[in-house]
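Open the model in a viewer and keep the sequence panel visible. The stops below are given in the order in which to select them.

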Amino acid sequence: MLQDITLGQFFPGNSILHRLDPRTKIILLFVLMILIFVAKGAAAYALLTCATVFLVLVSKVPPLTVLKSLKPLMWIILFTLVIHFFSHDGKVLAEIWIFKITDEGVRFGAVISLRLILLIILSSLLTFTTSPLQLTDATEKLLAPLSKFGVPSHELAMMMTIALRFIPTLIEETDKIIKAQKSRGVDFETGNLLVRLKMFVPILVPLFLSSFRRADDLAMAMEARCYRGGAGRTHMKQLKFGRADFFAMAFVILIGAAIGFLRYES
């Protein structure tokens, strides 16, 4: 299960999405997220689904790798789908004991579940096609205007990116600790809920110690390289918008215009 968590992982490549300016990808991700919630009707969601599939193919990230990002949250998606079946009025399609499945419930459940799936896939594509260093530089540039109001944009971008970068590392560390504890005879699968929670103490303690050790090593490495925050720092690679970025913006604008038209017509 832990190996299925792909958040924060970077998939090296040379696709069009990999070559886009990271600022473009972050901005367009937020625009697409807004469009997902603004969309109305089957045609609009079909358009967004096709656009998402197109982006997955263009990214050249294996589709199975992208779909793997859904697996850790599949139970949440299924729970959201089922809970909507019984929570809306409408034409009754089936009755289970005191619960009634309605056509409106099925429709709303399908829409909300599809929204979650599209959000997860698009967010995963951002981390799959953007290295942690690029994410740091892009976030710092986007937050730069806030520095005039005393907001430490560089430090915020650094903290966010370090946290995202260390998610796969901590997942791998947790998996190793679980395997080590199982080899010592610890059983995580039997007993009631309270017993199972107690069994996680041998995992959490070494995981916290390992995390603190890694944080200390990282701080020492940054100090050894004379890191002193964002003041006066320069960048070896400057971020520049290229022709592909403007094509990507035009692509999303066309999708937004089409969704707006479909929403108006409906």
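Begin with Lys 60, which is exposed because its relative accessibility is 63%; buried means under 20% relative accessible area, exposed over 50% and partly exposed in between, with a 1.4 Å probe and protein chains only. Lys 60 sits in the loop between H3 and helix H4 (63-68). Helices (H or I, at least four residues) and strands (E, at least two) are DSSP runs, numbered from the N terminus. Check the backbone here: Lys 60 is not a glycine, yet its phi is positive, at about 65°.

Before moving on, note the conventions. The model is predicted, so local features need pLDDT of at least 70 and side-chain atom pairs count only at pLDDT 80 or more, while totals for chains, interfaces and linings use all residues. Residues are numbered from 1 along each chain as its sequence is written, and side-chain values use heavy atoms, with hydrogens and water left out.

**Whole chain**

Zoom out and colour by secondary structure. The protein has eleven helices and two strands, and along the sequence they follow the pattern α-α-α-α-α-β-β-α-α-α-α-α-α. The C-alpha trace spans about 65 × 60 × 40 Å along its principal axes. Of the 266 residues, 32% count as buried.

**Helix H3 and its partners**

Two packed helices are described by the angle between their axes and the distance between the axes. The axes used here are lines fitted to C-alpha atoms, for helices over the stretch in contact, and the angles run from 0 to 180 degrees between N-to-C directions.

Select helix H3 (residues 42-59) together with helix H6 (residues 103-129): their axes come within 11 Å and cross at roughly 25°. H3 is therefore roughly parallel to H6; angles under 35 degrees count as roughly parallel, over 145 as roughly antiparallel, 65 to 115 as roughly perpendicular and the rest as oblique. The H3 and H6 crossing is left-handed, a term for a near helix turned anticlockwise from the far one by less than a right angle, with right-handed used if it is turned clockwise.

Keep H3 and swap H6 for H11. The axes of H3 and H11 come within 9 Å and cross at roughly 165°, so this pair is roughly antiparallel. The crossing of H3 and H11 is right-handed.

Stay on helix H11 (residues 243-265) and pick Met 249, which lies in it. Met 249 is partly exposed because its relative accessibility is 27%. Now add Val 31: the two residues are 218 apart in sequence, and their C-alpha atoms are 9.9 Å apart in space.

**Salt bridges**

How many salt bridges does a search of the whole structure find? The search finds four, where a salt bridge is a side-chain nitrogen of Lys or Arg within 4 Å of a carboxyl oxygen of Asp or Glu.

Select Asp 21 and Arg 23, one of these pairs, with the closest N and O atoms 3.0 Å apart. Both Asp 21 and Arg 23 are buried.

Go next to helix H8 (residues 153-183), where Glu 172 and Lys 176 are four residues apart and so separated by about one helical turn. Their side chains form a salt bridge at 3.7 Å, N to O. Glu 172 is partly exposed, since its relative accessibility is 46%.

Then show Arg 214 and Glu 173, whose salt bridge has an N to O distance of 3.0 Å. Arg 214 belongs to helix H10 (residues 201-224) and Glu 173 to helix H8, so the pair ties together parts 41 residues apart in sequence. Arg 214 is partly exposed at 32% relative accessible area, whereas Glu 173 is buried at 16% relative accessibility.

**From H5 to the loop beyond**

Select Val 82 in helix H5 (residues 74-85). Val 82 is partly exposed, because its relative accessibility is 40%. Add Phe 86, Ile 96, Trp 97 and Phe 99, and the selection with Val 82 is a nonpolar surface patch of about 540 Å². Patches are made of residues with over 30% relative accessible area and no salt bridge, joining like charges within 9 Å and nonpolar side chains (Val, Leu, Ile, Met, Phe, Trp, Tyr) within 5 Å. The areas come from the Shrake-Rupley method with a 1.4 Å probe, and for residues only the protein chains shown count as cover.

Finish at Ser 87, in the loop between H5 and strand S1 (92-96). Ser 87 is partly exposed, with 45% relative accessible area. Draw a distance to Thr 136, 49 residues away along the chain: the C-alpha atoms of Ser 87 and Thr 136 are separated by 42 Å.
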